[in-house]
Every structure is written in structure tokens, then in C-alpha cells.
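Reader: I'm new to reading protein structures. Could you walk me through one?

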Amino acid sequence: MNQAGVNDKYKVSPFYVFFLVHSMQTGIGVLSFQRVLAKSAGTDGWISIILAGLIVHIMIWIIYKIFSIVPGDIISANTQALGKWLGNFFSLLFIIYFLILGMTVIISYINVVHVWMFEEVPSWAFALVFLILIYYINSGGFRTVTGVTFLSVLLTYWLLFDLIYAMKYAEFTNLLPIFDHSILDILKGVKDNSLTMIGFELILMFYPFIKDAKTSQKYAHGGALTTTLLTVFIYLVSLVFYSQKQLVLTIWPTLTMTSVVELPFIQRFEYIEISWWALVIIPNMTISLWAASRGFKRLFNVQQKYPLWGMSIIILLINIFVFDMDSLYILNKIINPYGLYFICLYLPLLLLIIYTKKLRKRL
């Protein structure tokens with residue numbers, strides 16, 4: 001067993017890291033990121049996406065560098081670098097972050113379903129269904145979580161058909177002018193695009209569950225690269241489909257594009273899109289809550305099902321009593337940009353501390 005106490009029979013092949021990273025990054029943010037990005041970077045938003053992708057690759061490299069020195073997960077790394085009490089404090093911050101990430105995905109998707117399909121159905125009813133499904137998947141262990149993620153990616157890529165169909169109405173002059181924004185605007189676009197790029201940090205928790213984990217780094221980079229290319233493609237299609245003013249005013253540009261799809265046997269194709277999108281969202285919810293409950297188990301030495309129950313009850317209560325656009329706005333702000341800042345600032349600092357301690361031991 002490694003330092004995080006994972007038996008080999010519970011581990012997955014390195015190849016699946018591609019799907020775990022790619023699936024976590026491709027979530028609810030894909031439906032709406034274009035509007036915010038268009039406000040800040042306009043026709044140069046694709047540059048912001050590429051820069052955000054480069055940052056993700058650097059962060060993935062840092063994560064694997066940390067675990068090459070300290071085997072285990074983020075709990076082990078924090079304890080090794082900062083000691084028991086301070087290390088546990090930062091580990092608890094990561095647990096809260098993973099919980100808020102999963103909560104944000106669930107509430108955001110329920111909001112989409114409310115607006116587009118079932119306005120009269122209470123949010124807690126949707127939340128209850130999702131939470132029961134998430135608990136059922138997590139109860140099968142990480143291998144089951146990985147299997148669901150793998151199937152999710154395979155079964156949802158046909159949704160790109162919507163974007164290809166939308167190209168019928170493309171106006172390619174909308175891509176101009178190029179390089180018309182300042183560096184500050186492009187960097188602001190990097191921040192605004194973070195909701196579509198975060199998710200790679202879940203490696204911090206599932207790293208011990210990978211067989212021969214060091215060899216999985218190339219698959220992690222591959223998953224992040226695929227997400228970056230997919231996001232650039234979606235943004236470019238949105239630019240040529242909408243005018244600049246339309247894109248800024250459209251809340252869910254990806255979904256709105258599906259309303260132009262016309263098939264002789266389907267009248268409202270966007271209903272299929274939203275329903276099928278649940279397959280995209282379920283791994284986001286499942287892996288986030290798995291990571292949060294796993295971290296709680298490692299930190300407080302309890303069975304993983306108990307914190308998972310507690311987190312599910314918290315999410316359900318929020319949907320019953322405080323579900324509104326203001327709470328969704330607050331959750332999104334915690335994840336983007338503050339969650340991104342926390343990850344991108346903390347991980348390099350953690351690597352520096354671990355590496356310094358390693359050098360001191362050699363002297």
C-alpha cells in the first residue's frame with residue numbers, strides 16, 4: 001500500500017486519467033462561458049482559452065512533481081510540508097473547496113433545467129434524485145466512479161453535432177478584428193474562462209488510486225489539452241454564430257445554438273440536449289463529492305459514507321431553503337475566481353516547501 005492506504009485492487013489504469021481530467025473540466029461552464037469571455041476579451045477570447053490551458057498544464061506538472069517527492073494525496077503532502085495542524089487546516093480548505101465545486105455543479109444544472117424545461121418542479125426534487133444517484137455510484141468505490149466517467153465521455157461527444165449544424169448560419173467576419181484587445185483584457189479573459197478549466201485539481205485526491213501513477217501524467221496532460229481544444233472550438237463557433245452584442249447578452253450560448261437544429265422527427269432539440277447533458281454533469285458531481293468525502297475520511301479517520309451522507313444533506317437543505325440566483329452567484333464567485341487563485345497560488349508554494357525540505361535532508 002502507498003502512503004494514502006490504497007490497495008492495488010482498488011486502483012485504475014493510468015489511461016483512465018485522461019477521461020477523469022477531461023470529464024471534470026467539461027461541465028456546466030461549457031454552456032455559458034462564452035458570454036463572460038466575450039465581455040472581457042471579445043474576438044481574442046480564444047487566446048485567453050489557450051493561455052488558461054497552458055496554466056492548467058503547468059499546474060498538472062506541479063501536482064505530479066509534488067507526488068514524485070511525497071507519495072500519496074494532498075492530505076499527505078500538506079502534512080509532510082506544513083506539519084499536522086497547519087497541514088490539516090489547508091487539507092480542510094481543499095475538502096470545503098471540493099464540496100463547493102460539487103454543490104455549484106448540481107445547483108447550476110438544476111437552474112438550467114428549471115429555466116428551460118421544468119419550471120414548476122421544486123429544485124430539491126432534482127437535487128434528491130441526483131444525490132441518490134451520486135451516493136449509489138460512490139458506494140461502488142473509485143473504480144465505479146471511473147467507469148461512469150469513461151462512459152460519460154464516450155456517450156456525450158455526439159453533442160458536437162449541434163455545433164457543426166450551427167455552422168450553417170456562420171458569419172466568419174465576426175471573427176474580426178484579431179489581436180484587438182489589450183494584454184489586460186486577455187488576462188481577464190483567462191480568469192473569466194476558469195470555470196471551464198478547473199477540475200484537473202481532483203488529481204490531488206485520486207492520485208493514489210492510479211496504478212503506476214507516475215506514468216499517468218501524459219494522460220492528464222492529454223485530457224487537459226483535449227478540453228482546451230474543445231473549448232476553443234466551441235468559442236469560435238459561438239463567435240461566428242452570434243454577433244458580438246448577441247453573444248454578450250445570451251446567458252447560455254451553447255444551449256441557445258441547439259434551438260436552430262431542425263429534424264423532421266424532433267421539434268425541440270434543446271430538450272434532448274439538456275437532458276443528455278446530465279450525463280456530462282453526473283461525473284462532475286460524483287468525482288467532486290467523492291474527493292470531498294475521501295478527504296474527510298483521510299483527515300478524520302471515519303468511513304467515507306458518513307461524510308458523503310452529511311454533504312448530501314447539506315446540499316439538499318440548501319436546495320430546499322436558500323436556492324435562488326443569489327446563492328448560485330455566490331457559489332460561482334467562490335469557485336471562480338477565488339478557487340482558481342487558491343489552487344494556482346497554493347500548489348507552487350507547496351512544491352517549493354516540499355522541495356526545500358528535501359534539499360535540507362540531503363545536507
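Reader: How many cavities of 30 Å³ or more are there?

Author: Keep in mind that this is a predicted model. A cavity is a spot where a probe fits but cannot get out. Here the count comes to two cavities of 30 Å³ or more. The largest cavity holds about 270 Å³ of space, and 20 residues line it, with T26, T156, L230, W277 and V280 the closest to its centre. Among the elements that give two or more residues to that lining are helix 1 (17-25), helix 7 (142-156) and helix 14 (269-300).

Reader: Which classes of residue make up the lining of the largest cavity?

Author: You'd sort the lining by class: 11 residues are nonpolar, seven are polar and two are charged. Now try the second largest cavity, with about 100 Å³ of space. Its lining has six nonpolar, five polar and no charged residues. Helix 1 and helix 5 each supply at least two of them.

Reader: Okay, what about the largest nonpolar core: how many residues does it have?

Author: A core like this is a set of buried residues joined through their side chains. This one has 116 residues, and I66, Y109, I203, F206 and L347 have the most contacts inside it. Helix 5 (residues 84-116) gives the most to this core, with 16 residues. Take F206: beyond its neighbours within four places in sequence, it is in contact with V17, L20, F142 and W290.

Reader: And L176, is that buried or exposed?

Author: Exposed means over 50% relative accessible area. L176 is at 55%, so it counts as exposed. You'll find L176 in the loop between helix 8 (160-166) and helix 9 (183-192).

Definitions and conventions. Residues numbered from 1 in each chain as written. Predicted model: local features only at pLDDT ≥ 70, side-chain atom pairs only at ≥ 80, totals over all residues. Heavy atoms only, no water. Helix = DSSP H or I, 4+ residues; strand = E, 2+ residues; numbered from the N terminus. Buried < 20%, exposed > 50% of the residue type's maximum accessible area, 1.4 Å probe, protein only. Core = buried A, V, L, I, M, F, W, Y, C linked by side-chain atoms within 4.5 Å. Contact = heavy atoms within 4.5 Å. 1 Å grid on protein atoms, 1.4 Å probe; cavity = no way out; pocket = protein on both sides within 12 Å on 5 of 7 lines; lining within 4 Å. Points joined across faces, edges and corners; volume = space filled by probe spheres on them. Nonpolar A, V, L, I, M, F, W, Y, C, P; charged D, E, K, R; others polar.
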